[in-house]
Amino acid sequence: MHRRTYALAAATVATATATTAALALTLAPAATAAPHTEPAPTPTPVTSDFNGDGYADLAVGVPDATVSGKAKAGYVNVVWGGAKGLGRNGGIRVSQATAEVPGAPEAGDRFGASVLLRDLSGDGLAELIVGAPGEDVDGRGADAGVVTVVGGARSGTGPGSTGLTGPSAKSAYGWSVAAADLTGDGGRDLVVGGRDKVVVRAVVDDGEDLVITTVLAAPMGGRAPVLATGDFTADGTDDLALAYHTVDAPSTQSHVRLWSWDPAERHMANTWNSDNGAASALATGDFDGDGLDDLALGECREVADENIDDPCGPESYAKGGGIHLLYGDENSFGRRSQTLNQDTVGVYGVAEDGDRFGASLAVLDWNRDGRDDLIAGAPGEAIGTRARAGAATLLLGHADGIVDRFGEATSVQYHQDRPRVPGVAETNDAFGTAVATGDYDKDGTPDTAVGAPGENANSGGVWIFPKTSVTNAQALTPKNLGLPSPTTALSYGRYLSSH
């Protein structure tokens, strides 16, 4: 069975193929759109339905928000999906001031610094998994961090519990989170990233035993470890992908590694390493349609010169941010790979320093052809003369993967200066800092959400593209959502959950 989960990441147009031009028409306003020839839509299985209405929901972490007078205590805004999509059905704010949530709001908790909607219990209601890396824990010290699991409910929130707490001061548990069935028992296990550590909270032996095991403890450069899950060993059980890098802390290193559950030793075992490449985002999908999980490394680049083959592909592709794809193989994961950037034929834009192409990634099958497609954010992209206005790009999967057998890609770009997209591209909007996908209106075609935390003087916003099209696109901002203190620097849209 194929599974995939996703962790919580140009103004100038390059020469594009005729296929790219045709695709642009299909995503243009309805008056000029080419007719669809795809098969009838098939609803995507819903795994992020927090309120049990049958529609996928979107969780937006707002860790910089003030709650109960406590600066940067943080909250999560769950935006309801519905027949008319996101933003038209209301939502809910969840914080440590919510009755069912353990703890209390404190300055600097940063509740919402990582966020995920996933049905852990299998009851059809998604749980909200939230990291608060700034949480102070009695007996363990300041910034020990905590990951909280909040149950979904038809109204309000269900019971909340503490998933995992940092063991000591500055552990910062909750910098990143993921959830998957890593042990192969049909349940969902929690993966928690903290300062210089990644741990797994697994329930094994038919739910009788709780095992907390350290995946890796190593310097990670003061950044959140990047997490994703998928069946990379093709054995029917999910594995963990992990990326991190350091710069002079104490040495310069860059790593992408895979880990699998060892049932005999009851811990995660390292199964694959790439020790000279760093990634800002990871995403799992089947981009060539062969039924095996592939791994996309976003903004992949060499950090440490270790005199080995560059695992991010040719060095020229790293300019402006490159995406490196490792393809599944029943015998040797990653034996086949591809690399692309904004200088690849068929990719909109031009590779320029600071674009950060691939800094965020999300996966969808937009055209329902059985091959996954990729949304890539480029928050540093200049739109005209406006530096770091940001953009996002849809990259379609082909029989050979994201890059076809001719070495070309098929893409569509989104930014705030494109017709039918609300707003205006402005310096430092950082559109594309986070991206998420889901069939939020359950019409069978995936929708896309793009975060722009720098919008409106860092108040932020999330742009919703129904059917991943500019037609009927809308912007969700703290002001039009009725959130508290909408003109302050909430950076709304920096942290998004994917489906």
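**Entry 1: confidence**

I began with the confidence of this predicted model. The mean pLDDT of the protein is 90, and 89% of its residues reach 70 or more. I then looked for the weak part. Residues 1-39 have a pLDDT below 50. In the model this stretch still has 109 contacts beyond near neighbours in sequence. Where pLDDT is low, the predicted coordinates should not be read in detail. I therefore leave the contacts of low-confidence coordinates uninterpreted.

**Entry 2: a sheet of four strands**

Next I looked up a sheet. I found an open one of 4 strands, in the order β4-β3-β2-β29. Its pairing is antiparallel. Which strands form the edges? They are β4 (91-94) and β29 (495-496), each pairing on one side only.

I followed the β2 side of the sheet. Strand β2 covers residues 58-62. It pairs with β29 in the antiparallel sense, over 2 bridges. I wanted the partner of V60 in β29, and that bridge partner is L496.

I then listed what V60 touches, leaving aside its neighbours within four places in sequence. The contacts are Y75, V76, N77, V79, V462, Y492, G493, Y495 and L496. So L496 turns up twice in my notes, as the bridge partner of V60 and as one of the contacts of V60, by the contact cut-off of 4.5 Å.

**Entry 3: nonpolar cores**

V60 led me to the largest nonpolar core, which has 21 residues. Which members touch the most others? I noted L58, V60, V62, Y75, V462 and Y492. Four elements give two or more residues to this core: β2, β3 (75-79), β25 (434-438) and β27 (462-465). The largest share comes from β2, with 3 residues. A second, separate core has 20 residues. Among them are V200, A202, M220 and W261.

**Entry 4: the disulfide**

I searched for disulfides and the count came to 1. It joins C300 to C312, with 1.9 Å from S to S. A disulfide is a covalent bond between the sulfur atoms of two cysteines. I checked the handedness. The torsion about the S-S bond of C300 and C312 is about -65°, so this disulfide is left-handed.

What does the pair tie together? C300 lies in strand β18 (residues 294-300), and C312 lies in the loop between β18 and β19 (322-326). The pair therefore ties together parts that are 12 residues apart in sequence.

Are the two cysteines buried or exposed? C300 has a relative accessible area of 2% and is buried. C312 is at 4%, so C312 is buried too.

**Entry 5: salt bridges**

I searched the whole structure for salt bridges and got 9. I took down three pairs.

The first pair is D275 and R257, whose side chains meet at 3.4 Å, N to O. D275 sits in the loop between β16 (267-274) and β17 (281-285). R257 sits in strand β15 (residues 253-262). The two are 18 residues apart, and the pair links distant parts of the chain. Accessibility came next. D275 is partly exposed, at 27% relative accessible area. R257 is buried, at 15%, because the cut-off for buried is under 20%.

The next pair is D369 and R371, with the closest N and O atoms 3.3 Å apart. D369 is partly exposed at 29%. R371 is partly exposed at 24%.

The last pair I noted is R386 and D417, at 2.7 Å, N to O. R386 lies in the loop between β22 (373-378) and β23 (391-395). D417 lies in the loop between β24 (411-414) and β25. The salt bridge thus ties together parts that are 31 residues apart in sequence. R386 counts as partly exposed, at 25% relative accessibility. D417 is partly exposed as well, with a relative accessible area of 32%.

**Entry 6: E352**

I closed with E352. Where does E352 sit? Its place is in the loop between β20 (337-340) and β21 (360-364). At 36% relative accessibility, E352 counts as partly exposed. Leaving aside neighbours within four places in sequence, E352 is in contact with K319 and G320. I also checked G321, which is 31 residues from E352 along the chain. The C-alpha atoms of E352 and G321 are separated by 8.3 Å.

Methods. Residues are numbered from 1 along each chain as its sequence is written. This is a predicted model: local features need pLDDT of at least 70, side-chain atom pairs count only at pLDDT 80 or more; totals for chains, interfaces and linings use all residues. Side-chain values use heavy atoms; hydrogens and water are left out. Two strands pair if DSSP finds at least two bridges between them. A nonpolar core is a set of buried Ala, Val, Leu, Ile, Met, Phe, Trp, Tyr and Cys residues joined through side-chain atoms within 4.5 Å. Buried means under 20% relative accessible area, exposed over 50%, partly exposed in between (1.4 Å probe, protein chains only). pLDDT is the predictor's confidence in each residue, from 0 to 100. A disulfide is a pair of cysteine sulfur atoms within 2.5 Å. A salt bridge is a side-chain nitrogen of Lys or Arg within 4 Å of a carboxyl oxygen of Asp or Glu.
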